[in-house]
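Colleague: Before we discuss this model, could you take me through the terms used to describe it, and show how each one is justified?

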Amino acid sequence: PRLANQIAAGEVVERPASVVKELLENSIDAGANRIDIEVENGGVRLIRIRDNGSGIPKDDLALALSRHATSKISALEDLEAVGSLGFRGEALASISSVSRLTLTANSEGQDTGWKVFAEGRDMETISSPAPHPIGTTVEMRDLFFNTPARRKFLRTEKTEFGHLEEVVKRLALSHYDVGFTLRHNQRTIHQLRPAKTRVEMERRIATLLSPQLMDNAVVIDMESPDLRLWGWVGLPTFSRAQADLQYFYVNGRAVKDRLIAHAIRQAYRDVLYGGRHPVFVLYLELDPAQVDVNVHPTKHEIRFRDGRSVHNFLFSTLNKALASVRP
Ligand code: ADP
Ligand code: MG
């Protein structure tokens with residue numbers, strides 16, 4: 001089974017950024033409101049993520065590392081309406097099959113924390129005591145140490161860290177109630193306190209993306225019986241360097257979807273000038289049963305049950321908002 005893990009690991013573990021994405025989603029699923037991320041060498045040498053979520057009971061530690069062990073789907077119907085970010089139960093198994101992974105956790109009702117260790121195909125299934133507050137720390141070292149072919153595809157430290165930081169940004173922009181810190185090679189890159197008010201949220205966006213984005217952004221908040229769209233859209237008055245400030249979430253999940261991209265581009269048509277790009281941070285909320293998120297393992301793609309009404313709603317809401325501020 002460990003060999004199968006290594007082959008399948010390619011589905012989720014492409015680079016340090018994909019490890020961070022899976023681990024952060026786990027922390028959020030566990031209800032953490034404080035997540036500290038420590039990275040060395042672009043994430044290749046070390047990724048350590050510590051959260052204050054519910055933790056993992058001692059008896060479940062080894063299980064958490066085994067394939068298809070998920071605590072998140074109890075009934076088959078749950079697959080129809082997936083609420084939590086993770087639901088396939090293979091991330092930790094995949095990551096541990098291509099790195100050296102230590103899982104340390106403590107949970108309610110235990111008087112100490114416990115840890116397990118896995119290195120490539122070898123797993124230490126006996127947990128040993130290790131002090132830890134309630135919550136979980138996942139420490140991943142030496143990514144792809146046992147799969148040189150995959151290691152060759154890694155880019156420079158700067159590029160890998162760039163991808164990793166982008167993952168953190170994307171998550172931080174959809175979980176304002178969570179405080180994040182990100183450190184790279186002992187340097188603090190981001191320190192984000194939980195944001196509750198709109199002003200605090202806007203401050204987080206400005207810090208992470210661009211202060212100018214918030215200067216002339218239009219606040220969106222529109223509701224129909226089945227759909228809600230809220231967030232911020234900026235006029236496309238930014239430089240090329242800021243052309244990729246496009247964040248769209250469906251039920252809290254960052255997505256890149258053609259139908260959504262098309263609706264937004266159409267809405268911007270009247271205000272796009274000089275080849276500039278739309279900039280936005282937007283959140284679409286709808287009944288989870290109306291969305292199919294299981295299109296691809298990395299979960300960026302989605303499918304709407306009723307794509308046409310989603311498209312119409314996005315277009316008309318944004319077009320109206322943008323028309324009101326047309327330069
Ligand atoms: P999935 O998230 O799809 O269930 P994972 O391989 O990512 O699968 O995680 C396996 C299991 O380990 C989870 O279902 C959860 O029970 C536990 N787990 C992993 N990370 C954490 C964490 N940070 N806090 C609490 N539990 C965790
Ligand atoms: Mg997971």
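Modeller: Helices and strands here are DSSP runs numbered from the N terminus, a helix being H or I over at least four residues and a strand E over at least two. On that basis the chain has 10 helices and 15 strands. The model is predicted, so local features need pLDDT of at least 70 and side-chain atom pairs count only at pLDDT 80 or more, while totals for chains, interfaces and linings use all residues. Residues are numbered from 1 along each chain as its sequence is written, and chains are lettered from A and ligands numbered from 1 in the order in which they are written.

Colleague: What makes β4 and β5 a pair, and what lies between them?

Modeller: Pairing requires that DSSP find at least two bridges between two strands; β4 (residues 114–119) and β5 have five, in the antiparallel sense, and therefore meet the criterion. Glu 119 stands opposite Asp 122 in β5. The two strands form a hairpin with two residues between them, and Gly 120 in the turn has a positive phi of about 55°.

Colleague: Why is one side of β5 and of β8 left without a neighbour in the sheet?

Modeller: The open sheet has eight strands in the order β5-β4-β3-β6-β2-β1-β7-β8, with mixed pairing. Since β5 (122–129) and β8 (187–192) stand at its edges, each has a single partner strand, so one side of each has no neighbour in the sheet. For β8, that pairing is with β7 (residues 179–184), antiparallel over five bridges, and Leu 182 has His 190 in β8 as its bridge partner.

Colleague: Why are α9 and α10 called roughly parallel?

Modeller: Axes are lines fitted to C-alpha atoms, for helices over the stretch in contact, and angles between N-to-C directions run from 0 to 180 degrees. The axes of α9 (residues 258–268) and α10 (residues 307–323) come within 8 Å and cross at roughly 30°. Angles under 35 degrees count as roughly parallel, over 145 as roughly antiparallel, 65 to 115 as roughly perpendicular and the rest as oblique, which makes α9 roughly parallel to α10.

Colleague: Which residues of α9 and α10 make the contact?

Modeller: Contact means that C-beta atoms, placed from the backbone, lie within 7 Å. Among the residues involved are Leu 259, Ile 260 and Ala 263 of α9, and Val 310, Leu 314 and Phe 315 of α10.

Key: Two residues are in contact if their C-beta atoms, placed from the backbone, lie within 7 Å.
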